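Student: I'm new to this one, so could you walk me through it with a few questions and answers?

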Amino acid sequence: CGGDAQGGSRAGSSGTVFIKEQRGSSEYTTLILDNSCMTANMSQGTVLNETEVQEHNFNELHVLDNVNLHVEGTNVTMTIDRLYSDVTSTIHIHDTMVLTVDTVLSESSPECSFLLSEQGELRLPPTVTFLGPRNAFSGTLTNIFDMVIAPHQEVILSPVVRTAMYSDGQYTFITEPGAYKLASLHIKDHAKVTFESDA
């Protein structure tokens, strides 16, 4: 089950494993967060607290079995080539953090939920299907053309959510808070999108 963090620790779970491999001339990194062997209450969450590091790059990130991932630090970027997750887990994107997910894909279907703070940013492939049950967005959703809400799932959009396009190191547009620019929005059977008001 990986590491042996105790129930009182906020730094990881019993299934926290970091793997660094050399594949040819390239380094391949995998971070696995898996609470399946954890018996203690992990309601505090799993914290990536390397505050001296502002850029986290993983070829693979696995968040499984009730992981609540928090990344500490200011102006932090996390780039994940492939995200493997389940519907019990949540990734928190705090203010000043940029999370880029599934960079090697043109379509993504993250099973985990994302909680996006007002000054945070979530960058996803052009087509994304949200499979997680607790997605709540207050910040910037970037690079999404086609958004799909999976059956029986809910997405909450605060009145300050913005959409943006980012390419080659610069933004081609950023909407005003509360404005959305998407090619399509598909709400599947029994799915729900809640547009919160600022009243």
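Student: How many aromatic pairs does a search of the whole structure find?
Tutor: Let's start with the rule: rings of Phe, Tyr and Trp (its six-membered ring) pair if their centres lie within 6.5 Å, with planes under 30 degrees apart called stacked, over 60 edge-to-face and the rest tilted. Searching the whole structure that way, the number of aromatic pairs comes to 4.

Student: What kind of aromatic pair do Phe18 and Phe58 form?
Tutor: Their ring centres are 6.2 Å apart, and there are 75 degrees between the planes. That makes the Phe18 and Phe58 pair edge-to-face.

Student: Hang on, what sort of model is this, and how are residues numbered?
Tutor: It's a predicted model, where local features need pLDDT of at least 70 and side-chain atom pairs count only at pLDDT 80 or more, while totals for chains, interfaces and linings use all residues. Side-chain values use heavy atoms, leaving out hydrogens and water, and residues are numbered along each chain as its sequence is written, from 1.

Student: How many residues apart are Phe18 and Phe58?
Tutor: Strands here are DSSP runs of E, at least two residues long, and helices are runs of H or I, at least four, all numbered from the N terminus. Phe18 sits in strand S1 (residues 16–23) and Phe58 in strand S4 (residues 55–64). So the pair links distant parts of the chain, and the separation in residues is 40.

Student: Which of the two counts as buried, Phe18 or Phe58?
Tutor: Buried means under 20% relative accessible area, exposed over 50%, and partly exposed in between (1.4 Å probe, protein chains only). Phe18 is at 46%, so it's partly exposed. At 8%, the buried one is Phe58.

Student: And what do we call the pair formed by Phe130 and Phe137?
Tutor: Both of these residues, Phe130 and Phe137, are buried. Their centres are 5.3 Å apart with 55 degrees between the planes, so this pair is tilted.

Student: Arg23 lies over the face of which residue?
Tutor: The test asks for NZ of Lys or CZ of Arg within 6 Å of the ring centre and within 35 degrees of the ring normal. Lys181, for one, lies over the face of Phe173 at 4.3 Å from the ring centre. Arg23 lies 3.7 Å from the ring centre of Tyr28.

Student: Which residue does Arg23 form a salt bridge with?
Tutor: A salt bridge here is a side-chain nitrogen of Lys or Arg within 4 Å of a carboxyl oxygen of Asp or Glu, and the count comes to 3. Arg23 is partly exposed at 45%. Its closest N and O atoms are 3.2 Å apart, and the partner is Glu21.

Student: Arg82 forms a salt bridge too, so how far apart in sequence are the parts it ties together?
Tutor: Arg82 bridges to Asp102, with the closest N and O atoms 4.0 Å apart. Arg82 lies in strand S6 (residues 77–85), while Asp102 is in the loop between strand S8 (98–101) and strand S9 (107–108). In residues, the parts tied together are apart by 20.

Student: Are Arg123 and Glu121 buried or exposed?
Tutor: The side chains of these two meet in a salt bridge, 2.9 Å from N to O. Both Arg123 and Glu121 are buried.

Student: Last one: how many strands are in the protein?
Tutor: Of the 199 residues, 42% are buried. Helices number 0, and the strand count is 20.
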